[in-house]
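Open the model in your viewer and keep the selection panel at hand. The stops below are given in the order to select them.

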Amino acid sequence: MSFERRPLIAGNWKMNGLIGFVDNLACFLVKKLNLENPTHFDLLVCPPSTLLHPIGSLAENSNLLLGGQNCHVAKNGAHTGEISAEMLKELGCSHVILGHSERRTNFYETNELVKAKAESALVENLVAIICVGETEEEHKRGVTSDIVKRQILDSIPDRGNATNIVIAYEPVWAIGTGLTPTTQEVQEVHALIRKTLGDKISIEEADQTRLLYGGSVKPSNAVELMDLADVDGALVGGASLTGVDFWAIAESCPK
Ligand code: PEP
């Protein structure tokens, strides 16, 4: 892994966490970062929108990064229930997760919509974490490469580069199931993503872009996953809700 690609460990809390999570989970992470000042990974939490403000205030003078889980294409307007990239920015976010499979499936988000959302995130100087990954059925049919390639080509904004986008490869069948692809499969897909990105943006930018793996990452499998040549961090769901587990995953990044 090149020096510049410092691993990013991102926690996707999904629709979990009441105000008590600020004092428990977020506080724990801020204290750990202040105490240990790690330089071998960056730590990001993406809580529900209701917790962005208190966690943003808590994390203001720390190295804990804050992100949203989604944003609307528009800056503002008549979009009941939505949140804009500008709003995320104001609350202290540096990142936003886009195109998570739960949004692609439950909210019918297409590659084109994900790309438009990513473009609006870039306007606000947010880093867009763009999720891709095949379903179980696609995996069984052996079409993972085609699916992931198409998602990359169609979801990445044209002005995407190593500093404003991060790609998360999340096989849909591995999310929340305890199942993971073999490390060889993960490395192969990540190498394909980097090559596809190289064709789309540039080889130099692709070489510096962080590629996260997501799907049932836990302390017991993190070391072997974070050790892979083209894996530059993790997008963590369930295990990001427990401070010690999330921290242990981050600590698994190579020094
Ligand atoms: C996710 O939803 O992004 C995810 C990776 O979940 P989990 O870690 O629980 O599989």
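Select Val22, Leu25, Ala26, Cys27, Leu29, Val30 and Leu33: in helix H1 of this predicted model, these residues are buried. The general geometry helps in reading such a list: an α-helix has 3.6 residues a turn, so residues three or four places apart point the same way. Now add strand S2 (42-46), helix H2 (52-59) and helix H11 (243-251), which are the elements that the buried residues of H1 pack against.

Widen the selection to the whole of H1, residues 20-36. The helix has 17 residues, and from its first C-alpha to its last it reaches 24 Å, close to the 24 Å expected at 1.5 Å a residue. Look along H1 for Cys27, where the helix bends by about 35°; Cys27 is also one of the buried residues. Then step just past the end of H1 to Asn37, which takes a positive phi of about 40°.

Next, select the ligand. Which of the 14 residues around the ligand come nearest? They are Lys14, Glu170, Gly176, Ser216 and Gly237. Three distances can be checked here:

- Lys14: an N or O atom of its side chain is 2.5 Å from an oxygen atom of the ligand.
- Ser216: a polar backbone atom is 2.7 Å from a ligand oxygen atom.
- Gly238: a polar backbone atom is 2.8 Å from a ligand oxygen atom.

On its own the ligand has 290 Å² of accessible area, and the protein covers 95% of that.

Move to helix H5, residues 111-123. Its end C-alpha atoms are 19 Å apart, which agrees with the 18 Å that its 13 residues should span at 1.5 Å a residue. Which residues of H5 are buried? Select Asn111, Val114, Lys115, Lys117, Ala118, Ser120, Ala121 and Leu122. Show what covers these buried residues: the cover includes helix H3 (85-90), strand S4 (95-98), helix H4 (101-106), strand S5 (127-132), helix H7 (144-155) and H8. After H5 comes Asn125, with a positive phi near 60°.

Finish in helix H8 (residues 183-200), where Thr196 is found. Is Thr196 buried or exposed? Thr196 counts as buried because its relative accessibility is 2%, and the cut-off for buried is under 20%. To see its neighbours, select Lys149, Ile152 and Leu153: Thr196 touches these three, leaving aside residues up to four places away in sequence.

Conventions: Residues numbered from 1 in each chain as written. Predicted model: local features only at pLDDT ≥ 70, side-chain atom pairs only at ≥ 80, totals over all residues. Heavy atoms only, no water. Helix = DSSP H or I, 4+ residues; strand = E, 2+ residues; numbered from the N terminus. Expected span 1.5 Å × (residues − 1). Bend = angle between axes of the 7 residues up to and from the residue. Buried < 20%, exposed > 50% of the residue type's maximum accessible area, 1.4 Å probe, protein only. Contact = heavy atoms within 4.5 Å. Near = heavy atom within 4 Å. Polar contact = N/O pair within 3.5 Å; in protein donor to acceptor, adjacent residues only side chain to side chain. Areas by Shrake-Rupley, 256 points an atom, 1.4 Å probe, with all protein chains shown as cover.
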